[in-house]
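Thanks for making time this morning; I would like to walk you through one structure, going from the whole chain down to a few individual residues. Please have the sequence and the model open while I talk.

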Amino acid sequence: AMQVFGDSGATFKSQQSSGYPFSNCWYWPTGASVKMRYIENEKDYGRYHGHQYTGISFDEVTEYPTPTGLLKMLSTLRSAAGVPCSVRLTGNPGGVGHIWVKSRYIDVGPPMKPYTDPETGFTRMFIPSRLQDNAILLRSDPNYRTRILAATGGNEALRKAWLEGDWNI
């Protein structure tokens, strides 16, 4: 997070104080904020029920065994001021949630083409990525690919998933 927001004029506070009511939160002079929070399991949603967020991001969604907590968070996505709301998810193929993520986000349509859910009207889109697409990482850390080879321990399907972004493993 320090790399993402560091030059934006924001201040990160790890502890709350009189001027900064939330811990682990980025604050901007405009009044905008980004809270770093988590949902480890479905019951964690209770901490956020009734909140209002204009943007929600989930990292490594394939580590969630079901989409239930993530989907419940959509109820907090709203803006009385008319600010556009959005959700962003990241994830790698091969995790415990691989099947539901692939079904919900990958298999509904071609990459880079918005898909509108006929029941909810909510639009989502899959943006594929492979290790070789991350030129900055590969330039800064040329041994990362070697560590992925070691981490996958000869599991060819997982290697293909992590190196090539292959969801059909």
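Let me begin with a question about the surface: what does the accessible surface of the protein come to, and what percentage of it belongs to carbon and sulfur atoms? The answer, for what is a predicted model, is about 11200 Å², with 53% of that area belonging to carbon and sulfur atoms.

Staying with the overall picture, the C-alpha atoms of the protein fill a box of roughly 50 × 45 × 30 Å when it is taken along the principal axes. The protein has 169 residues, and 25% of them count as buried. There are 6 helices and 7 strands, and if you read along the sequence they follow the pattern α-β-β-β-β-α-β-α-β-β-α-α-α. If we take the contacts with a separation of 6 or more, residues 24 or more positions apart account for 45% of them. As for charge, the protein carries 18 positive and 15 negative charges, and the mean positions of the two sets are 5 Å apart.

Next, the cysteines. The structure holds 0 disulfides, and you may ask why Cys 25 and Cys 85 do not form one. The sulfur of Cys 25 has the sulfur of Cys 85 as its closest cysteine sulfur, but the distance is 17 Å, so the two are too far apart for a bond. In their surroundings, Cys 25 counts as buried, at 0% relative accessibility, whereas Cys 85 counts as partly exposed, at 34%.

I would now like to turn to two positively charged side chains, beginning with Lys 102, which is found in helix 3, that is, residues 98–106. Is Lys 102 buried or exposed? With a relative accessible area of 14%, Lys 102 counts as buried, because the cut-off is under 20%. Leaving aside its neighbours within four places in sequence, Lys 102 is in contact with Asp 107, Trp 167 and Asn 168.

The second of these residues is Arg 124, which lies in strand 7, residues 123–124, and which is also buried, its relative accessible area being 11%. Which backbone oxygen does the side chain of Arg 124 reach? It is that of Arg 104, at 2.8 Å, and in addition a polar contact of 3.4 Å joins the side chains of Arg 124 and Asp 117. If we do not count residues up to four places away in sequence, Arg 124 touches a set of residues that includes Arg 104, Tyr 105 and Val 108, as well as Lys 113, Pro 114, Tyr 115 and Asp 117.

Finally, let us look at helix 6, which runs over residues 156–164 and in which Leu 158, Arg 159, Ala 161 and Leu 163 are buried. What do the buried residues of helix 6 pack against? They pack against helix 5, residues 144–151. The N-terminal end of helix 6 is capped by Asn 155, which places a side-chain oxygen 3.2 Å from the backbone nitrogen of Ala 157. After the other end, helix 6 is followed by Gly 165, whose phi is positive, near 65°.

That is the tour I had planned, and I am happy to go back to any of these places on the screen.

Definitions and conventions
Residues are numbered from 1 along each chain as its sequence is written. This is a predicted model: local features need pLDDT of at least 70, side-chain atom pairs count only at pLDDT 80 or more; totals for chains, interfaces and linings use all residues. Side-chain values use heavy atoms; hydrogens and water are left out. Helices (H or I, at least four residues) and strands (E, at least two) are DSSP runs, numbered from the N terminus. Buried means under 20% relative accessible area, exposed over 50%, partly exposed in between (1.4 Å probe, protein chains only). Contact means heavy atoms within 4.5 Å. Accessible areas come from the Shrake-Rupley method with a 1.4 Å probe; for residues, only the protein chains shown count as cover. Lys and Arg count as positive and Asp and Glu as negative; His and the chain ends are not counted. The place of a charge is taken as NZ of Lys, CZ of Arg, CG of Asp or CD of Glu. A disulfide is a pair of cysteine sulfur atoms within 2.5 Å. A polar contact is a pair of N or O atoms within 3.5 Å; within protein, one must be able to donate a hydrogen and the other to accept it, and residues adjacent in sequence count only if both atoms are side-chain atoms.
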